[in-house]
Amino acid sequence: MEQNQNGFDPAAIEAIAARLKERPGALMLILHEVQDRFGHVARESVPIIGHALNLSRAEVHGVVTFYHDFRNQPSGRNVIRLCRAESCQAMGAVALAEHVRGRLGVGFGETTSDGDFTLEAVYCLGNCGCSPAMVINDELYGRVSPARFDELLAERKEDRR
Amino acid sequence: MSATVYVPRDSSALSLGAGKVAGAIAAEAARRNIDLRVVRNGSRGMFWLEPMVEVLTARGRVAYGPVTPADVAPLFDSGFLTGGEHRLGLGLTEEIAYLKRQERLTFARVGIIDPVSIDDYLAHGGYRGLERALSISAEKIVEEITESGLRGRGGAGFPAGIKWRTTQQASASQKYVVCNADEGDSGTFSDRMIMEGDPFVLIEGMTIAAVCAGATQGYIYLRSEYPHALRTLNEAIGAAYKRGYLGEKIAGSAHTFNLEVRLGAGAYICGEETAMLESLEGKRGMVRYKPPVPAIAGLFGQPTIVNNVVSLATVPVILERGGAFYKDYGMGRSRGTLPIQLAGNVKHPGLVEKAFGVTLRDLVEDYGGGTWSGRPLRAVQVGGPLGAYFPASMLDLPMDYEAFAAKKGIVGHGGIVVFDDTVDLARQARWAFEFCAIESCGKCTPCRIGSTRGAEVLDRISRVARTSDRETTMGLLRDLCDTMTYGSLCALGGLTPLPVLSALRHFPEDFGLSRSDVAWTG
C-alpha cells in the first residue's frame with residue numbers, strides 16, 4: 001500500500017473536487033477519494049474542498065473530524081484495526097488488545113516510531129461469527145488469538161525485508 | 001471429467017482463509033488435469049465450518065469443512081469431487097441439521113447461488129417479486145407489504161407498510177429509496193451476508209419499493225467496514241444495469257430506477273436513519289428532529305422510503321408469494337421470519353433464519369451448541385450494543401418484539417452475543433456508556449453528556465461502602481438513566497440505559513450490590 005508521504009498536492013485535490021462536486025452529497029465522496037489516494041485528508045486540503053463546494057472551512061472540517069475513518073495525518077505503512085465491540089469482547093478481545101499494544105508499543109490511534117504500524121480501534125467488522133476479528137490493511141482476519149496475531153505481525157515484517 | 005466446486009467469497013470465510021483454499025483447489029485441479037469450475041458463493045452461515053467447500057454431485061451438494069489449503073490434495077485423493085468420504089466430510093449440505101431446521105425465506109438463495117450471476121439469480125426464482133409488482137397497482141403493493149406484517153429489521157421494528165404508504169401517497173417531483181446498510185451492531189452480520197451472498201435480492205427489493213413509491217433514485221448507504229460487500233454490490237448493480245433491471249424502462253416497464261452505493265465512514269450513529277440521510281447529503285451524521293419523518297421529508301427534503309437491508313431483501317418473497325404467505329410465519333405481532341445471528345462465545349456461530357417465536361434457548365443451546373469455551377453460559381446480549389443482557393435463567397424468552405419489550409429488552413437487528421462465566425457485567429455496563437460517548441453525534445445533551453457521566457457514576461458505585469452513599473449514587477444513576485431514556489433524540493442515547501440497567505438488574509453481584517440495592521431497576 002504505497003502512500004504519498006508528502007501528503008499534499010493542491011492541484012490533485014482541486015481536480016478531485018472539481019470532478020465530483022456536482023454529485024449529490026459530494027463532500028463525502030470527495031473526502032473518501034482524497035483519503036483513498038493520499039492516505040489522509042491533509043488540513044491544507046480543507047479550504048480547497050470548501051471553495052469547490054461553496055462551503056466554509058468550518059463545515060468541511062466538521063465533516064472530516066466527525067467520521068472515525070478520516071485522518072488528518074498519514075498513517076503508518078500498515079494499519080491494524082482491532083475490533084473492540086461486544087462479540088469480540090466475549091472472545092477475549094480485551095486481552096488481545098493488551099497483547100497487541102504491548103507487541104507494538106503503541107496505544108490506539110498511535111503509530112510506531114519506525115512508521116511501520118498504526119493501531120486503530122474499530123467497533124464491529126461484521127465478523128462476529130469468527131471473533132475476535134481484526135483488519136490489517138485490507139485483509140480481514142477472524143479468530144485472532146495473541147499467537148495468531150504474532151504470526152500475522154511477523155508476516156508483515158517479513159514483507160518489508 | 002468436469003466438476004463444480006463452491007468456495008465462499010463471504011468476508012467471514014475469507015477471514016479464515018477461503019481465498020487461499022479456492023486458489024489451492026484450482027491449482028490442484030490444474031495439476032491433475034481436471035476441468036473444474038470454482039464458484040465463489042455466499043456463506044451458508046455455519047462459521048465454525050468455514051471455509052466450507054461444497055461439491056456438486058448427482059446426489060446434491062456435498063460439504064466439507066473447515067478446509068485448509070493443506071487439506072486440498074488429500075480431498076482430491078479421496079475423490080471429494082464425486083462426494084467421496086473424508087474426515088472433513090459433512091454429507092449433503094441440505095441435510096446438515098443446523099440448516100435443515102431453518103425457515104429460510106429471506107436467505108433462500110444465500111450460499112446457494114453465485115452472488116454476481118444474474119442468470120443464477122433468475123434460475124432460482126429471482127425477479128418474480130418484481131414481475132408481480134409491475135403487474136399490480138402501487139396501492140396493491142403497499143397492501144401486500146402491510147398484510148405481511150413486515151416490521152423494520154434494522155432494529156426499530158416499525159411496520160414497513162406504513163412507511164411505504166406514506167411515501168407512496170406523498171406528492172413530489174423526486175422521491176428516493178434508501179437502503180440502510182450501516183450494520184453497526186456488534187454481533188450482527190445478516191445484512192453483510194445478504195449483500196455478499198445474494199445482492200440481487202436487495203436490488204430487487206429496492207426496485208419494488210421504487211416502483212411502489214414512484215422513486216427514480218436509490219442509494220445503498222453501506223458502512224465502510226464492508227469492502228467485500230461493496231465489491232459484490234457494485235458487480236451486481238453493474239449486471240442489473242446491463243440486463244435492463246436498473247436504469248430506464250426497468251424490466252420492460254415504464255419505470256426508471258437508478259441505484260448507487262454510497263460509503264459511510266465509520267460512524268455508528270449513521271445507522272440511525274436521519275443521521276444516515278444527513279451523511280448521504282455529505283454532512284456530519286447528526287440526528288434530525290422528527291417530525292417530519294423521512295417518508296415525507298427524507299433525503300434532500302424529499303419523500304424517502306428508508307429500510308434496512310434485511311427488510312428490503314424480504315420484499316421480493318412477499319410480493320412473489322403474497323403477504324398472507326409471509327404472515328403465516330411468526331407469533332403475535334411479530335410476523336414472518338427473522339435472520340438471527342449467533343455470535344460471541346458460542347460453539348456454532350452463524351446465521352439462523354427462523355420464524356419469530358423461537359426461544360433463546362433453542363437458538364443458543366440447540367443451534368449454538370453452548371459456549372465456544374465450554375464454560376457455563378452466563379449472559380446473552382440480544383439486539384446489539386443497545387440491547388439488554390439476559391441471564392441463563394431467562395433463555396426461554398421467545399424471539400418476539402413484544403415479549404422482549406415486556407422483559408425490558410429489544411430484538412433489535414437479531415444479533416445474539418453469548419458470554420461465558422468469565423464475563424464481568426459491571427465492565428459491560430460501563431462499556432455501554434463508553435460506547436455511547438464515543439459514538440454520540442453530540443446533538444442532544446442526555447446522550448452527549450449523560451454517557452460520560454454514566455461511566456463516572458458506575459465507577460463510583462464500585463467504590464462506595466457506606467449504605468447512605470450507595471443510595472445517593474443509585475438515585476443519581478436512576479435519574480441519569482431516566483433522562484437519557486426519555487430525553488434523548490434517538491435510540492443511541494435512549495437505549496444505552498437498557499444494557500446498563502439489565503446488567504444491574506440481573507447481575508448485581510458484579511457491581512458489589514445486593515438484589516435489594518437494584519430493586520428500583522424493576
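This passage describes the confidence, overall form, strands, helices and chain contact of a predicted model.

In chain A, the mean pLDDT is 94, and 94% of the residues reach 70 or more. An exception to the high values is found over residues 1-5 of chain A, where pLDDT stays under 50. For these residues the model has 7 contacts beyond four places in sequence. Where pLDDT is low, the predicted coordinates should not be read in detail.

Chain B contains 22 helices and 16 strands. The radius of gyration of this chain is 24 Å, close to the 24 Å that the globule rule gives for 522 residues, so chain B is as compact as a globular protein of that length. The C-alpha trace of chain B spans about 80 × 60 × 40 Å along its principal axes. Of the 522 residues in the chain, 57% count as buried. Among the contacts in chain B with a separation of 6 or more, 72% are between residues 24 or more positions apart.

Strands of a sheet pair through backbone hydrogen bonds, either parallel or antiparallel. One open sheet in chain B is formed by 5 strands in the order β13-β12-β16-β14-β15, with mixed pairing. Its edge strands are β13 (350-355) and β15 (389-391) of chain B, each of which pairs on one side only. From one strand to the next, the twist averages 30°. Within this order, strand β14 (residues 377-382) of chain B is joined to β15(B) by 3 bridges, and the two pair in the antiparallel sense. Here A379(B) stands opposite P391(B) in β15(B).

Parallel pairing is found elsewhere in chain B. Strand β7 (residues 217-222) of chain B runs parallel to strand β8 (residues 258-263) of chain B, and 6 bridges join them. L222(B) has L263(B) in β8(B) as its bridge partner. Between these strands, the chain passes from β7(B) through helix α11 (residues 227-242) of chain B to β8(B), in a right-handed β-α-β crossover.

A second parallel pair consists of strand β6 (residues 176-181) of chain B and β9(B), with 5 bridges. In this pair Y176(B) stands opposite T304(B) in β9(B). Strand β9 (residues 304-308) of chain B is mostly covered, as 5 of its 5 residues are buried. In a regular strand the side chains alternate between the two faces of the sheet. In β9(B), T304(B), V306(B) and N308(B) point one way, while I305(B) and N307(B) point the other way, and all are buried.

Helix α13 (residues 309-321) of chain B is likewise mostly covered, with 12 of its 13 residues buried. The buried residues of α13(B) include V309(B), V310(B), L312(B) and I318(B), and also S311(B), T314(B) and E320(B). Just after α13(B), G322(B) takes a positive phi of about 95°.

The contact between the two chains takes 34 residues from chain A and 46 residues from chain B. On the side of chain B that touches chain A, at least two residues each are supplied by α1 (11-15), β8, α12 (273-280), β12 (337-344) and β16 (415-420) of chain B. The element that gives the most to this side is α1(B), with 4 residues. Strand β8(B), which supplies at least two residues to this side, is also the parallel partner of β7(B). Strands β12(B) and β16(B), each with at least two residues there, also belong to the open sheet of 5 strands.

Notes:
Residues numbered from 1 in each chain as written. Chains lettered and ligands numbered in written order. Pairing = 2+ DSSP bridges. Axes fitted to C-alpha atoms, helices over the stretch in contact; angles between N-to-C directions. pLDDT = per-residue confidence, 0-100. Rg over C-alpha atoms; globule rule 2.2 N^0.38 Å. Buried ≥ 20, exposed ≤ 12 C-beta atoms within 10 Å, placed from the backbone. Right-handed = clockwise from strand over helix to strand, strands pointing away.
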